[in-house]
Amino acid sequence: MTTTTVPVRADTKSSPKKRRTARLLRGRGFDVARYGVLTIVAAAILAPIAYAVLGGFMTNGQLVGNPVSLPSPWIFTNYTDVLFGENAGLFWRELLNSLIIAAVAVTMTVALASLAAFVFARMVFRGREAMSMLFTLGLLFPSAVAILPLYILVREVGLQGNLLGVALPQAAFGLPLTIIILRPFFKSIPVELEDAAKIDGCTTFGFFWRILLPLARPALATVTVLSIVGTWNAFMLPLILLNGQDQWTLPLGVMNFSTQYSSDAARILAFTVMAMIPAVLFYAVAERQIVSGLTSGSVKG
Amino acid sequence: MTIILFLLPALGLYLLFVLFPVIQAAHYSLFSWNGLQPLTDFVGIDNYTRALNSDVFTGAVLHNVFLIVLSLAIQIPFSLFLAVLLNRRFRGRAVFRLVFFLPYVLSEAITGVIFLLILQPGALLDTGVTAIGLGGSIPADGWLGDMNLVLITMFVIISWKYFGFHMILLLAGLQGIPREIEEAALIDGAGRWQAFRHITLPLLGPTLRVSVFLSMIGALQLFDLVWVMTGGGPVNASDTMATTMFKAGLKGQEMGYGSALAVILFMFALVLALAYQRLVLRRDIEGATTAFSG
C-alpha cells in the first residue's frame with residue numbers, strides 16, 4: 001500500500017477518504033447549489049431593471065395595481081413621448097451634452113495622461129518619483145473635498161454654466177488612474193526600440209506618437225473605456241457647475257425628470273430606461289475592456 | 001525640455017482643478033464666508049468647532065462609519081462568496097459575470113430613480129413583500145421614510161450596485177492563485193473549508209485589501225445616491241458628510257463652514273489612506289509592481 005506515491009485517481013476505490021478527496025478535486029456535487037445561488041442573485045440584479053423596462057410600457061394604473069406582470073395592454077406612448085413627444089428636445093439635448101462633455105474630457109484625460117505617463121515611464125530626472133506620487137495622491141481622497149472651491153474657481157474664470165467648465169475638472173480628476181495604468185505599459189516597451197528609432201532620425205515625440213502609442217493600443221483602449229464610464233455617470237460635478245436645464249447631462253436630467261413628473265411613474269421609468277440605453281450598449285461592446293481595466297488598475301496597484 | 005513639454009499640460013490641469021481647490025478649501029475653512037463677498041471675516045477654527053458641535057454633522061459622520069462597517073461586514077464577504085462560486089469553469093459562467101457587473105456601469109442617478117419608484121409605498125417591493133405573506137413588516141413611513149431603516153435600505157442599494165465590482169476584483173485575484181496549491185492541500189487531507197481558510201484566503205490577501213480600501217473610500221464619500229433618493233432625509237437620518245457639506249456650501253451659502261466640512265472629510269480619507277499604506281499597501285504595491293515588470 002504505497003498510496004502516497006500513487007496518483008489520486010488510480011486508487012479512488014481504496015478508502016472513503018480518497019474518494020472524498022477525488023470528489024473535492026472534481027468539484028462535483030456543488031453544482032446544483034451553485035447554480036441555485038447564482039440564479040437567485042442574478043434575478044435580484046435583473047429584477048429592478050426588468051421592472052423599469054416593463055413599467056415603461058404600462059399605465060400608471062397598472063403600475064400601482066399589478067406591477068408584477070407583463071404590461072397589458074402594452075403602452076408605447078411613454079417611450080415615444082420621451083423620444084419624439086412635445087418635450088423630447090430636452091432628452092436629446094441632455095444626451096448631446098453628455099456626449100460633448102464625455103468627448104472633451106476623455107480626449108483630454110487620455111492625451112495628457114499618455115504624455116505624462118511617457119515621461120514617468122521612460123525618462124530619468126530628479127523629482128520623478130515625487131511628482132508621480134503627487135498624481136497618485138489624487139486617487140486617495142474623495143473628489144467631494146475639492147468641490148466647493150471648484151465651484152468658486154469655475155465661476156471666477158467665467159466657465160460656470162459652460163460645458164467646458166465641467167469637462168476640464170472632469171478630465172483632471174481622471175488623470176491619476178489613467179497615468180497609473182499607462183505607466184507600466186509604456187515601461188514594458190523595449191529601450192532598444194527607442195534607440196533604433198532615434199538612430200533612424202526619429203524625434204522623441206515621433207517615437208511617442210508613431211511607435212509607442214500604436215504599440216500600447218490595448219492599454220489605451222482600456223483607459224479610454226474606463227474614462228468614458230467615469231465621465232458618463234458623473235453627478236456631483238455637473239450638479240454644482242451647470243445651472244440651466246439646457247446644459248444638463250443625462251444623470252441630472254433623470255433626477256430632474258423624476259421630481260418634475262413625480263406623479264407619473266410610468267413616464268419616469270420610460271425616461272430612465274432611455275437614459276440607461278447608451279451605458280448598457282456601451283457595456284455590451286466594451287465589457288472586456290472595462291473588466292480588465294479595473295482589475296489591472298486595482299489588483300496590480 | 002521634452003520632460004517639461006510633455007508633463008506640463010497634465011500637471012497644470014491637475015494642479016489647477018484638483019490640488020489647488022483642496023488647498024483653497026483649507027483656506028476658506030478659516031473664514032465666515034458666503035462665497036460672494038470678499039474674503040475678510042477671519043474666524044480661525046470656529047467653523048471646525050461648530051462642525052464638531054453640530055448634531056447634524058456628527059450624525060452624518062456616524063452614518064458614514066455605519067455604512068463602512070456594513071460594507072466590510074456584509075458586502076465584501078458576499079462578493080467574495082460569489083467570486084469563489086464563479087472561480088471555476090462551468091456553463092453559463094460568463095453570463096453570470098456579465099449580469100453581476102452590469103449595475104456598476106449604470107449611473108447613480110438612474111439607479112436611485114429606479115429604486116425610488118420600486119420602494120414607493122404600494123409599489124413593487126411592497127407588492128412582493130405582501131405576496132410572500134410578510135406584509136406586516138412593511139414600515140409605516142415607507143422604506144426610505146423610516147428614520148431607523150433608511151440607512152439600511154440605502155446600504156442594500158449600494159450593495160446592489162457595487163458588489164459586482166468587488167466580485168470582479170476578487171475573482172481576478174482568485175484566478176491569479178495557482179489551482180495546484182489548493183489541490184495539494186486537498187490531497188493532503190484538508191477539507192474544502194480548511195483549504196480555503198488557510199491557503200486561498202491568505203494568498204488572496206493583497207486583492208482583498210485593495211477591495212476593502214476601495215469600499216471604505218466609497219462609503220466615506222457617498223453622495224450621489226443619497227442626494228437622488230432622500231436628499232439626506234428624513235430629518236437628516238441619511239445625511240452623509242458629503243451631503244451636509246454640499247447643503248452648507250451651496251444651499252446655505254456658507255462656503256467657509258462647508259469648506260471646513262470638506263477638510264474634515266479629507267482628514268478622514270487621509271488617515272484611512274495613511275493607516276492603510278502603513279499597515280498593508282506598501283507590501284502589496286511592491287509585490288504587484290515587481291510582478292508586473294517581472
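Here is a walk through a predicted model with two chains, A and B, from the overall fold down to a few odd spots in the backbone.

Let's start with the chains themselves. Chain A has 14 helices and zero strands, and chain B has 12 helices, again with zero strands. Read along the sequence, then, chain B is simply one α after another, and chain A follows an α pattern as well. Of the 301 residues in chain A, 43% are buried; for the 294 residues in chain B the figure is 43% too. If you want a feel for the dimensions, the C-alpha atoms of chain B fill a box of roughly 75 × 70 × 35 Å along the principal axes.

How much of the contact network links distant parts of the sequence? In chain A, take the contacts with a separation of 6 or more: 74% of them are between residues 24 or more positions apart. In chain B, contacts between residues at least 6 apart join residues at least 24 apart in 69% of cases.

Now zoom in on chain A. The domain assignment splits chain A into domain 1 (3–81) and domain 2 (88–299). Where the two meet, 10 residues of domain 1 are in contact with nine residues of domain 2. On the domain 1 side, the elements that give two or more residues are α2 (31–55), α3 (60–65) and α4 (77–84) of chain A. The largest share, three residues, comes from α2(A). By class, that side of domain 1 divides into five nonpolar, five polar and no charged residues.

Within the residue range of domain 2, have a look at a pair of helices. Helix α5 (residues 88–122) of chain A packs against helix α8 (residues 163–187) of chain A at an angle of about 35°, with the axes 6 Å apart. The crossing of α5(A) and α8(A) is right-handed. The contact between them has 22 nonpolar, six polar and three charged residues.

Next, put the two chains together. The contact between them takes 77 residues from chain A and 83 residues from chain B. On the chain B side, those residues divide into 61 nonpolar, 16 polar and six charged.

That brings us to the interior. In soluble globular proteins, nonpolar side chains tend to be buried together. Here the largest nonpolar core has 173 residues, and the members that touch the most others are Ala116(A), Val113(B), Leu261(B) and Leu265(B). This core draws at least three residues from each of domain 1 and domain 2 of chain A. Leu265(B) is a good residue to click on: leaving out residues up to four places away in sequence, Leu265(B) touches Pro142(A), Ala144(A) and Val145(A) in one chain, and Met241(B), Ala242(B) and Met245(B) in the other.

Two more side chains in chain B make a handy contrast. Phe57(B) sits in helix α3 (residues 55–86) of chain B. Phe57(B) counts as buried because 22 C-beta neighbours lie inside 10 Å, and the cut-off is 20 or more. Not counting residues up to four places away in sequence, Phe57(B) touches Ala51(B), Thr244(B) and Leu261(B). The C-alpha atoms of Phe57(B) and Thr243(B) are separated by 9.7 Å, although the two are 186 residues apart along the chain. Val129(B), in helix α6 (residues 124–131) of chain B, has 15 other C-beta atoms within 10 Å, so Val129(B) is partly exposed. Leaving aside neighbours within four places in sequence, Val129(B) is in contact with Leu134(B), Gly135(B), Ser137(B) and Ile138(B).

Finally, some backbone oddities. Most residues other than glycine have a negative phi, and most peptide bonds are trans. In chain A, a cis peptide bond joins Ser72(A) and Pro73(A), with omega about -5°; Pro73(A) is in the loop between α3 and α4 of chain A. In chain B, the peptide bond from Gly233(B) to Pro234(B) is cis, with omega near -5°. Pro234(B) lies in the loop between α10 (224–229) and α11 (241–251) of chain B. Val235(B), in the loop between α10 and α11 of chain B, has a positive phi of about 40°. With 10 other C-beta atoms within 10 Å, Val235(B) is exposed. Asn236(B), also placed in the loop between α10 and α11 of chain B, has a positive phi near 65°. Asn236(B) is partly exposed, because 18 other C-beta atoms lie within 10 Å.

Conventions. Residues are numbered from 1 along each chain as its sequence is written. Chains are lettered from A and ligands numbered from 1 in the order in which they are written. This is a predicted model: local features need pLDDT of at least 70, side-chain atom pairs count only at pLDDT 80 or more; totals for chains, interfaces and linings use all residues. Two residues are in contact if their C-beta atoms, placed from the backbone, lie within 7 Å. Ala, Val, Leu, Ile, Met, Phe, Trp, Tyr, Cys and Pro count as nonpolar, Asp, Glu, Lys and Arg as charged, and the others, Gly among them, as polar. Axes are lines fitted to C-alpha atoms, for helices over the stretch in contact, and angles run from 0 to 180 degrees between N-to-C directions. Helices (H or I, at least four residues) and strands (E, at least two) are DSSP runs, numbered from the N terminus. A crossing is left-handed if the near helix is turned anticlockwise from the far one by less than a right angle, and right-handed if clockwise. Domain bounds come from an automatic or database domain assignment. A residue is buried if 20 or more other C-beta atoms lie within 10 Å of its own, exposed if 12 or fewer, and partly exposed in between; C-beta atoms are placed from the backbone. A nonpolar core is a set of buried Ala, Val, Leu, Ile, Met, Phe, Trp, Tyr and Cys residues joined through C-beta atoms within 7 Å.
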